[in-house]
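User: Please take a close look at a single part of this model and explain it in terms suited to a first-year student. Please also give the cut-offs behind each term.

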Amino acid sequence: MSIYSRFTGTGSYFPPKIMTNDDIAKFLDTSDEWIVTRTGIKQRHVAEDESCSDMAAEAGKKALEMAGLQSNQLDAIIVATLSPDTIMPSTACRVQYKLGAKTCMAFDIAAACSGFLYGVRVADGMIRSGSAKNILVIGAEHLTACVDWRDRSTCILFGDGAGAAVVSADTAPGIKSIFNYADGEYGELLKQDNLGSQYLKKMINEPAVDHMIQMKGNDVFKIAVRAMADAAQEAADAAGFSSDQIDWMIPHQANLRIIDAAAKRLGLDKEKVIINLTNYGNTSAATIPTALDQAVRDGRIQRGHNVVSAAFGGGLTWGSMAFTF
Ligand code: UT7
């Protein structure tokens, strides 16, 4: 009998502190009008006391609860992040300790905003090969510690938070297609010449520019529009989902204009697109799992619904997935 994988639980966590566009306009030459028009973002959540691994563990706990699993039943924990607490130990090892999932395999994935889809691909492969039954995949970011708050072209975009999903073995296919790509030639377009977020947090008042996220937004935008739309179409085709069979699209949340283009390519109405960018900003690897969890918990996504997801980010990396929830 073939083994497949499906999502059995989801969870998310956002820090309570909110920073609106008007809050940013108090210390930077920008406006709510510019940010909303160009990106769709109205506010973002900002971690104060929480680290990336704290947020990841909270989201993971909720996903485990929904899946009806104890942490010691996990075979692996995969954390996708570009803002780990530290480079070593990995954020996944910190989460494993915080969840009490002693000795299960734990590692981070560095694929920026596409990281959650990379993580699900690895989990799906491990489950199909029979080497795991339950894997916790988390996308978690503490990006407000990694942006240059003097650079209005990037700092307005990002927010903090974590989303998680339990991927479990099943006899029926939940995850039906998944694709991941990268093109390192364009790595310079979106980069962080790097240190861990906990270190960067201490430097927040005296940021060294080359430690912070830098982006040639306009160049990234042009590549992202096409890559996200192509990838979304590829996942839908491979899963055999025609436009009218797709119940929901969960795109990476970087910019409403990029999302609109991807949804248009799939022939989807705006009401079928799950958006959380407006209230949370771009939370990179956390955008897809947080949007998934919110839509599952508020009843929009239900068991049996067909969902297509696509992401794009630094690396450059991109990817897509189609699944029946
Ligand atoms: O998640 C990872 C993948 N990332 C993405 O997919 C992001 C892709 N890029 C984007 O979403 C957009 O490029 C941005 C939202 C980052 C920028 O929007 P844009 O329409 O591409 O603006 P731009 O960079 O071409 O800048 C246009 C103008 C410039 O002024 P001048 O040179 O025309 O006078 C900027 O200096 O807007 C100015 N500007 C701002 N003005 C007010 C840039 N940032 C701001 C700001 N407030 N925050």
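Analyst: Ile156 is located in the loop that joins strand 6 (134-142) to strand 7 (160-170); strands (E, at least two residues) and helices (H or I, at least four) are DSSP runs numbered from the N terminus. The model is predicted, so local features need pLDDT of at least 70, side-chain atom pairs count only at pLDDT 80 or more, and totals for chains, interfaces and linings use all residues. Residues are numbered from 1 along each chain as its sequence is written, and side-chain values use heavy atoms, with hydrogens and water left out.

Ile156 has a relative accessible area of 0% and is therefore buried (under 20%, against over 50% for exposed and in between for partly exposed, with a 1.4 Å probe and protein chains only). Between the C-alpha atoms of Ile156 and Phe14, which are 142 residues apart along the chain, the separation is 17 Å.

The ligand is the next topic. Its shell holds 24 residues, each with a heavy atom within 4 Å of the ligand. The closest are Thr30, Arg38, His252, Asn255 and Asn282. Helix 7 supplies the largest share, five residues. By class, the shell has twelve nonpolar, nine polar and three charged residues.

Some polar contacts (N or O atoms within 3.5 Å) can be located precisely. A polar side-chain atom of Thr30 is 2.7 Å from a ligand nitrogen atom. For His252, a polar side-chain atom lies 2.8 Å from a ligand oxygen atom, and for Arg257 the corresponding distance to a ligand oxygen atom is 3.3 Å.

Notes
Polar contact = N/O pair within 3.5 Å; in protein donor to acceptor, adjacent residues only side chain to side chain. Nonpolar A, V, L, I, M, F, W, Y, C, P; charged D, E, K, R; others polar.
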